[in-house]
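Thanks for coming. I will go through the side-chain interactions in one model, starting with the rings and then turning to the charges and the core.

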Amino acid sequence: MEFDLSVHINRSPDDVFAFLRDKDRFPQEPGSPVLLLEKTTPGPPGMGTRYREIVQMLPLVRGEILSEITHYEPGIRLDEDWSGAGMEGNLTYLFIPEEGGTRLVQRETADPRGWLRLAAPLIRKSLGPALQNRLEGIKELL
């Protein structure tokens, strides 16, 4: 599955990048499926930084997602490879200057593994709007 989403944010590319770079420092928005988000490597974020997330996938189903920063270009691009909760993928953020702010572009791949492949159409249908809502939430926070 591939997703290509974007939102305009009235902040500089450097500000938006810093927010996403430091994602473990900010509280999750109400209703977020992310129950825990922690940085598991020492030092400031950069290439090789790893994160651990616990997400609520269904009312009684939780999953762990591990991610690692694989491209780190301040104010321009931030990539993470991730795996867990029966899927693996890549997340790319692009920070494009636009009309006194930033066009935040999110490109994400998500590949279900095992039995989840059977549910891929349902996952795609629910994940796309959830990702766009998350971008809108980032816009609101900034």
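How many aromatic pairs does the structure hold? The structure holds three. Please keep in mind that this is a predicted model.

Take Phe 17 and Tyr 72. Their ring centres are 5.3 Å apart and the planes stand at 70°, so this pair is edge-to-face; the cut-off for that class is over 60 degrees. In sequence the two are 55 residues apart, and the pair links distant parts of the chain. Phe 17 belongs to helix α1, residues 13–21, while Tyr 72 belongs to strand β4, residues 61–73. Is each partner buried or exposed? Phe 17 has 2% relative accessibility and therefore counts as buried. Tyr 72, at 23%, counts as partly exposed.

Next, Tyr 93 and Phe 95. The centres of these rings lie 6.4 Å apart with the planes at 45°, so the pair is classed as tilted. Both Tyr 93 and Phe 95 are buried. Ring pairs join Phe 17, Tyr 72, Tyr 93 and Phe 95 into a cluster.

Staying with Phe 95, what is it in contact with, leaving aside neighbours within four places in sequence? Among the residues in contact with Phe 95 are Pro 13, Val 16, Phe 17 and Leu 20. The list also includes Gly 75, Ile 76, Arg 77 and Leu 78, as well as Thr 102, Arg 103 and Leu 104.

That brings me to the core. Nonpolar side chains tend to be buried together in soluble globular proteins. Here the largest nonpolar core has 29 residues. Which residues have the most contacts inside it? They are Leu 20, Tyr 93, Phe 95 and Leu 104. Tyr 93 and Phe 95 we have just met as a ring pair.

Two rings also have a charge over them. The charged end of Lys 23 sits over the ring of Tyr 51, at 4.5 Å from the ring centre. Over the ring of Phe 3 sits the charged end of Arg 124, 5.0 Å from the centre.

Now the salt bridges. Side chains of opposite charge can pair when their charged atoms come close. The structure holds ten salt bridges, and I will show some of them.

Arg 113 bridges to Glu 88, with the closest N and O atoms 2.6 Å apart. Arg 113 lies in the loop between β7 (101–112) and α2 (120–141), and Glu 88 lies in strand β6, residues 87–98, so the bridge ties together parts that are 25 residues apart in sequence. Both ends are partly exposed: Arg 113 at 33% relative accessibility and Glu 88 at 34%.

Asp 15 and Arg 11 form another salt bridge, at 3.3 Å from N to O. Asp 15 is partly exposed, with a relative accessible area of 34%, and Arg 11 is partly exposed with 31%.

Glu 98 and Arg 103 meet at 3.2 Å, again N to O. Glu 98 has 23% relative accessibility and Arg 103 has a relative accessible area of 24%. Why do these two count as partly exposed rather than buried? Buried means under 20%, so neither value qualifies. Arg 103 is also one of the residues in contact with Phe 95.

Finally, a network: salt bridges link Glu 38, Arg 52 and Glu 64. That is the end of my part.

How values were computed
Residues are numbered from 1 along each chain as its sequence is written. This is a predicted model: local features need pLDDT of at least 70, side-chain atom pairs count only at pLDDT 80 or more; totals for chains, interfaces and linings use all residues. Side-chain values use heavy atoms; hydrogens and water are left out. Rings of Phe, Tyr and Trp (its six-membered ring) pair if their centres lie within 6.5 Å; planes under 30 degrees apart count as stacked, over 60 as edge-to-face and the rest as tilted. Helices (H or I, at least four residues) and strands (E, at least two) are DSSP runs, numbered from the N terminus. Buried means under 20% relative accessible area, exposed over 50%, partly exposed in between (1.4 Å probe, protein chains only). A charge sits over a ring if NZ of Lys or CZ of Arg is within 6 Å of the ring centre and within 35 degrees of the ring normal. A salt bridge is a side-chain nitrogen of Lys or Arg within 4 Å of a carboxyl oxygen of Asp or Glu. A nonpolar core is a set of buried Ala, Val, Leu, Ile, Met, Phe, Trp, Tyr and Cys residues joined through side-chain atoms within 4.5 Å. Contact means heavy atoms within 4.5 Å.
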